[in-house]
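The following exercises ask you to place residues and to describe a pocket. Please work through each task before reading its solution.

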Amino acid sequence: IYLKPDQLLKMIQKAFPSCSQLEKCQLLSGGAQNTIYQFQMNGEKFILRIYARDRAHCKTEKEIHALIDSIVPTAQLIYADDTSDAWPYAILRFVSGIHVHHVSPDFKTSLSFELGRVLALIHSFTFTQAGLFGYGLKIAKPFQLGSNPYFEEAAAILSRESKARIRLGKKLADKVLVFIHLNQDVFPKVNQRICLTHSDFK
C-alpha cells in the first residue's frame, strides 16, 4: 500500500497529535502480508504497520501485546487502530539490530539459547482451547485434542489444485505428499498443554 506523505502524517497524528512534520519516512521490505513504513520524529525511529491482508490481525496483535508486554521482549506498541476506515494499522517503536539470518555463526550457540529462552516465555501463556485466533484472542478455527493440524493443512493443500500444487507441479507435489504421509508422526499433535505459539518459529 503506497501512501502519500499527507496520508501517512494523518495516520501518525492519531498517535502523536502534535506532530506536524516527519524528519524521514521510507517504505520497508520484508512485511510479508503487511505494509511497513519506517518514520523518524524528533530523532526517534518508529514503524507503522498496515494490516493489508486481514483487518482482524490488528486487533489480535494489539491484544497479544497487552497480554505478553511485561514478560516477552517485543517492540513497544505505541498505538493500534483496528477500526480505521481505510486500513487497520499499528505504530511501534523501532528496534535497531540485524536480522537473525545475518547473525555471525560465531554467535550461533548464544543466539540459539536466547531464542529458546524467548520461545519458552511465549509458551508460558496457556489457553483452554487450541486453534487459530480470529478477532482478538477469540479462537476462530478450533483444533481438536489429538488432531494434527499442520499435517492436515499441508496434506489438504497439496491434494487439491492449490497454488502450491500448481507451482510445484504434479510430480513433485505427489512426492511431497508421500513424504509427509511417511513422516506424519513428526508433525506436532494437539495435546493437553495448550499455549501461545509463534508460527514463524521453524
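**Exercise 1: Gln-40 and Glu-23**

Gln-40 lies in strand β2 (residues 35-41), a strand being a DSSP run of E with at least two residues, numbered from the N terminus. The model is predicted, so that local features need pLDDT of at least 70 and side-chain atom pairs count only at pLDDT 80 or more, while totals for chains, interfaces and linings use all residues. Residues are numbered from 1 along each chain as its sequence is written, and side-chain values use heavy atoms, with hydrogens and water left out.

Task: decide whether Gln-40 is buried or exposed, and list what Glu-23 touches beyond four places in sequence.

Solution. Gln-40 has a relative accessible area of 14% and therefore counts as buried (under 20%, with exposed over 50% and partly exposed in between, for a 1.4 Å probe and protein chains only). Glu-23, in the loop between α1 and β1 (24-28), is partly exposed at 44%. Not counting residues up to four places away in sequence, Glu-23 touches Gln-40, Met-41, Asn-42 and Gly-43, where contact means heavy atoms within 4.5 Å. The side chain of Glu-23 also reaches the backbone nitrogen of Gly-43 at 3.0 Å.

**Exercise 2: the lining of a pocket**

Task: state which element gives the largest share of the lining of the second largest pocket.

Solution. Helix α1 (residues 5-15) supplies that share, with 4 residues. The lining as a whole includes Leu-3, Trp-87 and Tyr-89, and by class it has 5 nonpolar, 2 polar and 4 charged residues.

Notes:
1 Å grid on protein atoms, 1.4 Å probe; cavity = no way out; pocket = protein on both sides within 12 Å on 5 of 7 lines; lining within 4 Å. Nonpolar A, V, L, I, M, F, W, Y, C, P; charged D, E, K, R; others polar. Polar contact = N/O pair within 3.5 Å; in protein donor to acceptor, adjacent residues only side chain to side chain.
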